[in-house]
Amino acid sequence: MKINYQMKLDKIINDIKNEEYVPTLLLHSCCGPCSSYVLEYLSEYFSITVFYYNPNIYPSNEYWYRVEEQQKIIDLTSAKNSINLITGKYDVERFYNMTKGMEDMSEGGHRCHLCYEMRLREAAKIAQKENFDYFTTTLTISPHKNSQVLNRIGEKVAKEFGVNHLPSDFKKNNGYKRSVEITREAGLYRQDYCGCEYSKREAEIRKIKSEKKKLREDMKELSKTISLEYMMESDKAITDKILNSQEYKKAKNIFCYIGDYPEINTRLFIEKAIEDGKKISVPLCIDNSNMKAYRINSLNDLKEGKFGIPEPDPEISKEVLKSEIDLIIVPCCTVDSSGNRLGFGKGYYDRFMDEYTGNKLLPIRKKQMVDKVPIEEHDHKIKLIITE
Ligand code: SF4
């Protein structure tokens, strides 16, 4: 059952309000921005010592930058009671030893639970040594962090060290929103990743994915502005160039997508290649992420597929193995001049090109090329781009 930790905190604060004594609180802080709201909120009731202990943070300049920003937030907070800062050891080895083998886990999983525990245990240890009335962490302010887990860990280590854990769910009462406001108003740095090397990588991937999504939308809009006349002319010029390329002339087995406007219309090319005696295969999507190549002898061998896209009929067509193919005509949403390709988001072609060693050729209209395509590790680069 979910526990309302904000309610528990409210109760403790109400008790404090009825006393004259100002209790001391050791507040573990992951960074200045997350602590901003917590300090504004709790400094009315507690005398706070901020404990910046985060050996997980990568790289080291980010760690020291966050320390500076932490001090700035403390200086900016108009507090009723005192606020001090102590920094723990930047014990990077401890973090890496603890998370060995968990490098590829997603944020929020077991690796993170260990990371929370490492920091909360250190806070409980200091709280015991320095006789603090309570200890807690700013981590519960994050919408990405599970407050139930964090409070359970806090209670566990509190028991071990015989200290009081202050329950919290700082994201409640718009705590996270307020922290964003405070840091924005003060013009302070707010990082876009949790802290460790792995979360930095995850954040970079998230950013690339969202840039790709935006670029796909932009390309869709752009295609609406391209005239049919230009599309037909450029298709003809591109088809001629492919047919005159060395890669085409050498190829015996060609795998080609069935493209329709605003993509390059590959039907012209396919008909000519069949006439030239080339063996042509086209894609059949077999599930949500994989496709296979099937030989066709004519465009009439195609039937209407799932989403209205023509596809081969496995009843009459024969599968062609990837190893038999010596040229792939690759479709794209857009590409840059370095060959970085943006597909349509399902990854069919990137997966198909894994372990493929033959030639690859990508036809595209000049107007549909862009300066830079954001790429991820698994994206295949295409060296040969053919435009009109
Ligand atoms: S993602 Fe955050 S909580 Fe998880 S291991 Fe990395 S730094 Fe720690």
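How many residues does helix α6 have, and how far does this helix reach from its first C-alpha to its last? Helix α6 covers residues 147–161, which makes 15 residues, and spans 21 Å from first C-alpha to last, close to the 21 Å expected at 1.5 Å a residue (the expected span being 1.5 Å times one less than the number of residues). Helices (H or I, at least four residues) and strands (E, at least two) are DSSP runs, numbered from the N terminus. The model is a predicted one, where local features need pLDDT of at least 70 and side-chain atom pairs count only at pLDDT 80 or more, while totals for chains, interfaces and linings use all residues. Residues are numbered from 1 along each chain as its sequence is written.

Turning to the two sides of α6, the buried residues are Ser147, Leu150, Asn151, Ile153, Gly154, Val157 and Ala158. Seen down the helix axis, these fall within an arc of 160°, so they line one face of α6 (the arc is that of the directions from the axis to the C-beta atoms). Glu155, Lys159 and Glu160, on the other side, are exposed. Here, buried means 20 or more other C-beta atoms within 10 Å of a residue's own, exposed means 12 or fewer, and partly exposed is in between, with C-beta atoms placed from the backbone. The buried residues of α6 pack against α1 (5–17), α5 (110–129) and β4 (134–137). After the helix comes Gly162, with a positive phi near 65°.

The largest nonpolar core (buried Ala, Val, Leu, Ile, Met, Phe, Trp, Tyr and Cys residues joined through C-beta atoms within 7 Å) has 43 residues, and Leu25, Leu26, Ala123 and Phe135 have the most contacts inside it. Among the elements giving two or more residues to this core are α1, α5, β4 and α6. The most comes from α5, with nine residues. Leaving aside neighbours within four places in sequence, Ala123 is in contact (C-beta atoms placed from the backbone and within 7 Å) with Leu26, His28, Phe51, Tyr53, Phe135 and Thr137. A second, separate core of 38 residues includes Phe255, Phe269, Cys333 and Leu361.

Then there is the sheet. Seven strands form an open sheet in the order β10-β7-β6-β5-β11-β14-β15, with mixed pairing (strands pair if DSSP finds at least two bridges between them). At the edges, β10 (319–320) and β15 (384–386) each have a single partner strand, so one side of each lacks a neighbour in the sheet. Strands β11 (residues 327–329) and β14 (residues 359–363) run parallel and are joined by three bridges; Ile328 has Lys360 as its bridge partner in β14.

Technical notes:
Contact = placed C-beta atoms within 7 Å.
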